[in-house]
Amino acid sequence: MEDAIAQGASAIFVTPVTTDGIISGLIYAQQNNVPVVAIDCTMEEGDEDLVVSTVTTDNYNCGYLTAQRIVKDFPNGAKIAVIDCPLYTACVDREKGFQDGIKSSGTPEKYEIVAQQNGNAALEPSMRVAENMLQANPEIQAFFGINDPTALGIIAVLKAADRIGDVAVYGVDGSPDAKAAIKDGSIRTTAAQSPVNMAKLTKEVTDKFLRGEKSDAITLIPTFLIDETNVDQYGTESWQ
């Protein structure tokens, strides 16, 4: 950020995995009156004033909507496995939303999380985790993957075990690959975010601030489920 400021940047966008490593840069930007907008991350409590605004997917709602869908798909209860990623703020928010969604079902005791482990939000590590989970818990009925690469890793394991269709998979992102997997029946849902709208809103928020107008501290981009009923509306070639 110091280099960007030295080169005369009027504003800076940051998209950190976590905010811990950029605090000194944010303080430097603030001292030099260069506004910073955080994209798709949540500032830690006490650090919110270091950015002029945060534009992010409603990651909590991604998890919450997914939990609600699992409750709908399994009205009599289910054995659930969760492959999460506590390293990323967005993933932590999704996992919290998922847990709260299960709790709000009215009968949370029917939805047992039999396994939960970090898959690093990546396909290959999630494959190893999913394989171990299935071997230790063959009764698993549903997987919640914290993002679509995780869900796609789970699918690869289920295909190898000949359990596609036997175990339901739910992801988060709304990626083209996940939407294609919905089309072929491998994934039940993906809780969709919109990188395109995120970029547009970030520019709008920044332009507004540079004009001297007040910006909202947080702009949450609405999320929604994509499933077999609406996947054709969003297509499988690009992001929504």
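1. Is Asp 162 buried or exposed? Asp 162 is exposed, because its relative accessible area is 69% and the cut-off for exposed is over 50%. Keep in mind that this is a predicted model. Asp 162 sits in the loop that runs between helix H6 (148-160) and strand S7 (168-173). Compare its position with that of Asn 132. The two are 30 residues apart in sequence. In space, their C-alpha atoms are 15 Å apart.

2. Next, helix H3. This helix covers residues 59-73, which is 15 residues. From its first C-alpha to its last it reaches 21 Å. That is close to the 21 Å expected at 1.5 Å a residue. Several of its residues are buried, among them Asn 59, Cys 62, Gly 63 and Leu 65. Thr 66, Ala 67, Ile 70 and Val 71 of H3 are buried too.

3. Arg 69 deserves its own point. This residue of H3 is on the buried list. Its relative accessible area is 12%, and buried means under 20%. The side chain of Arg 69 meets that of Glu 228 in a salt bridge, at 3.9 Å from N to O. The pair links distant parts of the chain, 159 residues apart. Arg 69 belongs to helix H3, while Glu 228 is in the loop between strand S10 (224-226) and helix H9 (231-234).

4. Asp 73 also forms a salt bridge. Its partner is Arg 188, with an N to O distance of 3.2 Å. Asp 73 lies in helix H3 and Arg 188 in the loop between helix H7 (176-183) and strand S8 (189-192), so the salt bridge ties together parts that are 115 residues apart in sequence. Both partners are partly exposed: Asp 73 has a relative accessible area of 23%, and Arg 188 has one of 33%.

5. How many salt bridges does a search of the whole structure find? It finds 11. One of them joins Asp 100 to Lys 96, with the closest N and O atoms 3.1 Å apart. Both residues lie in helix H4 (residues 89-103). They are 4 residues apart, about one turn of the helix. Lys 96 counts as partly exposed, because its relative accessibility is 46%. Some salt bridges share partners, and these join Arg 69, Asp 73, Arg 188, Asp 227 and Glu 228 into one network.

6. Now the surface patches. Which residues make the nonpolar patch of about 250 Å²? They are Val 17, Leu 87 and Tyr 88. Val 17 is in the loop between strand S1 (12-14) and helix H2 (23-31). At 44% relative accessibility, Val 17 is partly exposed.

7. There is a negative patch as well. Asp 20, Glu 44, Glu 45, Glu 48 and Asp 49 form it. Take Glu 44 as an example. Its loop runs between strand S2 (36-39) and strand S3 (53-57). Glu 44 is partly exposed, with 39% relative accessible area.

8. Check the backbone at two residues. Most residues other than glycine have a negative phi. Asn 33 is not a glycine, yet its phi is positive, at about 60°. Ala 121 is not a glycine either, and its phi is positive at about 55°. Asn 33 lies in the loop between H2 and S2. Ala 121 lies in the loop between strand S5 (111-118) and helix H5 (123-136). Their accessibilities deserve a look. Asn 33 counts as exposed, at 70% relative accessibility. Ala 121 counts as buried, at 13%.

9. Last, Lys 79. This residue is found in strand S4 (residues 78-84). Lys 79 is partly exposed, with a relative accessible area of 30%. How far is Lys 79 from Leu 123, C-alpha to C-alpha, and what separates them along the chain? The C-alpha atoms are separated by 22 Å. Along the chain, Lys 79 and Leu 123 are 44 residues apart.

Key
Residues numbered from 1 in each chain as written. Predicted model: local features only at pLDDT ≥ 70, side-chain atom pairs only at ≥ 80, totals over all residues. Heavy atoms only, no water. Patch = residues over 30% accessible without salt bridge, like charges linked within 9 Å, V, L, I, M, F, W, Y side chains within 5 Å. Areas by Shrake-Rupley, 256 points an atom, 1.4 Å probe, with all protein chains shown as cover. Salt bridge = Lys/Arg side-chain N within 4 Å of Asp/Glu carboxyl O. Helix = DSSP H or I, 4+ residues; strand = E, 2+ residues; numbered from the N terminus. Buried < 20%, exposed > 50% of the residue type's maximum accessible area, 1.4 Å probe, protein only. Lys, Arg positive; Asp, Glu negative; His and termini not counted. Charge placed at Lys NZ, Arg CZ, Asp CG, Glu CD. Expected span 1.5 Å × (residues − 1).
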